[in-house]
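Work through the exercises below with the sequence and the coordinates open. Each task is followed by a solution in steps.

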Amino acid sequence: MVYVAYGVSGLTGIVGTFFVKDHLDLSPEFLAALLFWAGIPWALKMPVGHVVDLIWRWKAALVWLGAAMIAASLLIMIGLIRHAEEMRAVMSAGNWFVLSSLLAPTGYMIQDSVADAMTVEAVPRADESGKPYDEQARKRMHTTMQTLGRVALIGGLALVAAANVYLFHGTENLSKEGKAALYADVYTAALVIPVLSVLGVILHRFLRHEREAVEKTPPNWAVLGGSLAFVAITLAVGLGGVAHAEEIIFAGSLAVILFLLWSLARELEPGARNVLVATAVVLFLYRAVPLTGDGSTWWMIEVLKFDEAFLAQLSLVTYALTLVGMFALRRFMAEHSIATIVVVLSVAAAVLALPAIGMFYGLHEWTAARTGGIVDARAIMLINTALESPLGQIAMIPMLAWIANSAPAYLKATFFAVMASFSNLALAASQLGTVYLNRAFVVKRGDYSELGALMIVAAVLTLALPLLAVAGVRLLRLRTA
């Protein structure tokens, strides 16, 4: 239910994009920096994950806390739309938006820490007769478990994508005030998200069954101390107005997480430790690839005339085909190494970036002129989305299965949280790279002259960074999971 609730959070994705574009004077560079800060709470999964291990019997309280933070974030957005003047009298709309953007991911992170640990617990280490499962059997079970978790998440996203298709049908005829009212209604409907997550806690009381006994987790002071150092660095730099705050926080976060990884790696056998290092490097650079930022979405809205209804249809196609792709490719994920999967996905992502680049230079006009208007910008984007849809989640499933399979039983939440923090820090690096790209290639509303070069550089980095990581691991004769 926590994963489903996180998926349903996609309900506000489209309205958030249009609300920021039409009502808040924020640049793509600022929004990319905000995404960096919004990603920082996910690095806090380290102390939260360890707390989950320490208070395992009372972990439901953390789900309730996360739900309260998510609800507060949604209520701020409802207030910004329906009671804008009263909200602006307290502080600026931009500051309210920043607060909302930080509350929600913190709430989701807290709930996610609990859910991740429960997916580790759900896979038994021995059969009914007490015989331990072999490594390959446990890898298959963890792959299935993590696939089911992604199915719950993507299922929630698909559900709200279908709802968005209905909600945004005919919105092109609405006035600006009418659209604002619709946005407020969507945010109000999204209050079902925290309710869904706590329903999981309630249902859990009726679905309990015997679990294998796990030794009590002692406090790991390296994890707690390192995490407190990370929080102190983040708050001091972020609130102190220090120059290059994002870079300082990223460097400090990376140092702390690497220290915690080293501390936990000592719990593993030497062979497993080497696999951890190689896999972590490949996944980090794969997820650290910079993106084009919000400017490309604005270009699609203003130049290609993609409205709310069409973006909702794209989302529905994306999530429906992602569900199909995850099941169709489950065997491929279970039987191939993460390095092989990353190479395949990186090549595919770079190739699938070409249609958008082509449309910037008029590809859709050329195809429309030769097909009687059938293959226009929307047709190209639909076909491209259909091909690209399953790729985003495919790399996640073997990564999560590997983390779950490697986690010691008494440190399941801690191990999962530290590894997930490292992976999420890669996303922060991606956002930092996105900021740099948007500084080098400036994109403004109505001025997209530099967007083409920005998309080309992003596509090249999408291919180059992961391939360099895999090549480096192979040269060092290391093996990935």
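## Helix pairs

The crossing of α5 and α9 is left-handed. The model is a predicted one.

**Exercise 1.** Classify the mutual direction of helices α5 and α9 from the angle between their axes.

*Solution.* Step one is to locate the helices: α5 covers residues 60-82 and α9 covers residues 176-189. Step two is the geometry: the axes lie 9 Å apart, and the packing angle is about 160°. Step three applies the cut-off, by which angles over 145 degrees count as roughly antiparallel. The two helices α5 and α9 are therefore roughly antiparallel to each other.

**Exercise 2.** Repeat the classification for α17 and α24, and give the hand of their crossing.

*Solution.* Helix α17 spans residues 338-352, and helix α24 spans residues 451-475. Their axes are 8 Å apart, at an angle of about 160°. The pair α17 and α24 is therefore roughly antiparallel. Their crossing is left-handed.

**Exercise 3.** Describe how α4 and α7 cross, and then state how far α4 is covered.

*Solution.* The axes of α4 and α7 come within 9 Å, and the crossing angle is roughly 50°. That makes α4 oblique to α7. The crossing of α4 and α7 is right-handed. For the second part, take α4, residues 45-54: 8 of its 10 residues are buried, so the helix is mostly covered, where buried means under 20% relative accessible area. Among the buried residues of α4 are Lys 45, His 50 and Asp 53, as well as Met 46, Pro 47 and Val 48.

## Single residues

**Exercise 4.** Is Ile 110 buried or exposed, and how far is its C-alpha atom from that of Pro 398?

*Solution.* Ile 110 sits in helix α7, which runs over residues 93-122. The relative accessible area of Ile 110 is 7%, under the 20% limit, so Ile 110 is buried. Along the chain, Ile 110 and Pro 398 are 288 residues apart, and their C-alpha atoms are separated by 23 Å.

**Exercise 5.** Compare the burial of Ala 312 with that of Lys 305.

*Solution.* Start with Ala 312, which belongs to helix α15. Its relative accessibility is 0%, so Ala 312 counts as buried. The C-alpha atoms of Ala 312 and Leu 167 are 8.9 Å apart, with the two positions 145 residues apart in sequence. Lys 305, in contrast, lies in the loop between α14 (294-302) and α15 (308-328). At 56% relative accessible area, Lys 305 is exposed. The phi angle of Lys 305 is near 65°, a positive value in a residue other than glycine.

## A cavity

**Exercise 6.** How many cavities of 30 Å³ or more are there, and what lines the second largest cavity?

*Solution.* The count is 3 cavities of 30 Å³ or more. The second largest cavity has a volume of about 50 Å³. Its lining consists of Ala 280, Leu 283, Phe 284, Arg 287, Met 399, Ile 403, Met 419, Phe 422 and Ser 423. Next, assign the lining to helices: α13 (270-287), α22 (396-406) and α23 (412-440) each supply at least two residues. Helix α13 gives the most, with 4 residues. Finally, sort the lining residues by character: 7 are nonpolar, 1 is polar and 1 is charged.

Key. Residues numbered from 1 in each chain as written. Predicted model: local features only at pLDDT ≥ 70, side-chain atom pairs only at ≥ 80, totals over all residues. Heavy atoms only, no water. 1 Å grid on protein atoms, 1.4 Å probe; cavity = no way out; pocket = protein on both sides within 12 Å on 5 of 7 lines; lining within 4 Å. Points joined across faces, edges and corners; volume = space filled by probe spheres on them. Nonpolar A, V, L, I, M, F, W, Y, C, P; charged D, E, K, R; others polar. Buried < 20%, exposed > 50% of the residue type's maximum accessible area, 1.4 Å probe, protein only. Axes fitted to C-alpha atoms, helices over the stretch in contact; angles between N-to-C directions. Parallel < 35°, antiparallel > 145°, perpendicular 65-115°, else oblique. Left-handed = near helix turned anticlockwise from the far one by under 90°.
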